[in-house]
Amino acid sequence: MMTHQSLIEMKKKGEKIAALTAYDFPTAQILSESGVDVLLVGDSLGMVKLGYSSTVPVTMEEMLHHLLAVKRGISGPLLVADMPYLSYEIDLKEALRNAGRLIKEGGAQAVKIEGGGFVTDIVRELLKIHIPVMGHLGLTPQSVNQLGGYKVQGKEPKNAKKILEDAKALEKAGAFAVVLECVPSGLARKITASLSIPTIGIGAGVHCDGQILVSDDLWGISKGPSLKFVKRYARLRETMISSAREYLKDVRQGKFPGTEHSF
Ligand code: KIV
């Protein structure tokens, strides 16, 4: 079974970490069977499964509901849960209680929190109550309103320096890994070389210690053209639509059910 320490060991040995998101029971089973290292119940849940236009509206209750479904299906990978927007920013006690719920009620082994700055204090406090933390820097989708859209971060030297400093501060505070989202690959390389904890990239180039993708993007379930950093390994959306259409046709033409499906 993977633990957060396993990821640090993997970095030491130069083994790449492969992570994916999951939001439900069958996906957790399928991805566990595939041998993925880390399953993240991301707050991308809001956009991918709940139809929200951003991750901002996602609540603790929604996260727990989906986390529990994943927990019931997972065997092997490290289970990490996102702390949703406003579950940790208001006060420290609330942050500790909410992270604790994801671990105690939801069965996560670790939580992920977006941002640097004050987040490093939360990381320190969470470690005191035995909760491992994964950081998340670069494009932090919960800050989409402040960032003015989903844009690559760290292109300007000042911003790049801040992301590097935040990454070092997260490591110093005790985070066991850092997700780097949509940052130039040169910056990701520099951060990866500066840290002894692993970097997990998404839209951050080839130099990170691991990669993460939204599983619906990998499978081609998501609607619309895929983002530059996504590689589609299947076209399940088309398969799902065409198979549903075949079923509709069969029902309408009286071809399903056949005698073999009848009692
Ligand atoms: O919410 C999420 O799925 C994430 C990953 C894309 C890193 O944060």
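In this predicted model, the ligand is surrounded by Thr21, Leu40, Gly42, Asp43, Ser44, Asp82, Lys112, His136, Val179, Ile202 and Ile212. Three of these residues can be followed through their side chains. Asp43 places a polar side-chain atom 3.1 Å from an oxygen atom of the ligand, and Asp82 likewise has a polar side-chain atom 3.1 Å from an oxygen atom of the ligand. For Lys112, an N or O atom of the side chain lies 2.8 Å from a ligand oxygen. Taken alone, the ligand would expose 250 Å², and the protein buries 95% of that area.

From the ligand, the description may turn to the nonpolar interior. The largest nonpolar core comprises 56 residues, and those with the most contacts inside it are Leu39, Leu102, Val111, Ile113, Leu126 and Leu180. Helix α8, which runs from residue 157 to residue 173, gives the most to this core, contributing six residues. A second core, separate from the largest one, has 17 residues, among them Ile17, Phe176, Val179 and Ile202. Two of these names have already appeared, since Val179 and Ile202 are also among the residues around the ligand.

Val111 offers a view of the largest core from within. When its neighbours within four places in sequence are left aside, Val111 is in contact with Val80, Ala81, Met83, Ala99, Leu102, Ile103, Leu126, Ile131, Pro132, Val133 and Met134. Of these partners, Leu102 and Leu126 are also listed with the residues that have the most contacts inside the core.

Helix α4 shows how one element is covered by others. At 1.5 Å a residue, its 14 residues (60-73) should span 20 Å, and the end C-alpha atoms are indeed 20 Å apart, so the expected and modelled spans agree. Its buried residues are Met60, Glu62, Met63, Leu64, His66, Leu67, Ala69, Val70 and Gly73. An α-helix has 3.6 residues a turn, so residues three or four places apart point the same way. The cover over the buried residues of α4 includes helix α2, strand β2 (38-41), helix α3 (45-48), strand β3 (78-82) and helix α5 (92-104).

Within α4, His66 deserves a separate look. Its relative accessible area is 16%, and this residue is therefore buried, the limit being under 20%. The side chain of His66 reaches the backbone oxygen of Tyr23 at 2.9 Å. Beyond residues up to four places away in sequence, His66 touches Tyr23, Val41, Leu45 and Leu50.

Helix α2, part of the cover of α4, spans residues 25-34 and contains Pro26. With a relative accessible area of 42%, Pro26 is partly exposed. The C-alpha atom of Pro26 is separated by 40 Å from that of Lys162, a residue 136 places away along the chain.

Several loop residues complete the picture. Gln153 is located in the loop between α7 (144-147) and α8, and because its relative accessibility is 11%, Gln153 counts as buried. Its side chain reaches the backbone oxygen of Lys151 at 3.0 Å. Not counting residues up to four places away in sequence, Gln153 touches Gly138, Leu139, Leu147, Asn159, Ile163, Cys182, Val183 and Pro184.

One of those partners, Cys182, lies in the loop between β6 (177-181) and α9 (185-194). Although Cys182 is not a glycine, its phi is positive, at about 45 degrees. A relative accessibility of 8% means that Cys182 counts as buried. His130 also has a positive phi without being glycine, here near 70 degrees. His130 is found in the loop between α6 (119-128) and β5 (133-138). In contrast to Cys182, which is buried at 8%, His130 counts as exposed because its relative accessibility is 70%.

The account ends with helix α11 and the segment after it. For the 17 residues of α11 (236-252), 1.5 Å a residue predicts a span of 24 Å; the end C-alpha atoms stand 24 Å apart, so the two values agree. The helix is followed by Gly254, with a positive phi near 70 degrees. Pro257 belongs to the segment after α11, and a cis peptide bond, with omega about 0 degrees, joins Phe256 to Pro257.

Conventions:
Residues numbered from 1 in each chain as written. Predicted model: local features only at pLDDT ≥ 70, side-chain atom pairs only at ≥ 80, totals over all residues. Heavy atoms only, no water. Core = buried A, V, L, I, M, F, W, Y, C linked by side-chain atoms within 4.5 Å. Buried < 20%, exposed > 50% of the residue type's maximum accessible area, 1.4 Å probe, protein only. Helix = DSSP H or I, 4+ residues; strand = E, 2+ residues; numbered from the N terminus. Contact = heavy atoms within 4.5 Å. Expected span 1.5 Å × (residues − 1). Near = heavy atom within 4 Å. Polar contact = N/O pair within 3.5 Å; in protein donor to acceptor, adjacent residues only side chain to side chain. Areas by Shrake-Rupley, 256 points an atom, 1.4 Å probe, with all protein chains shown as cover.
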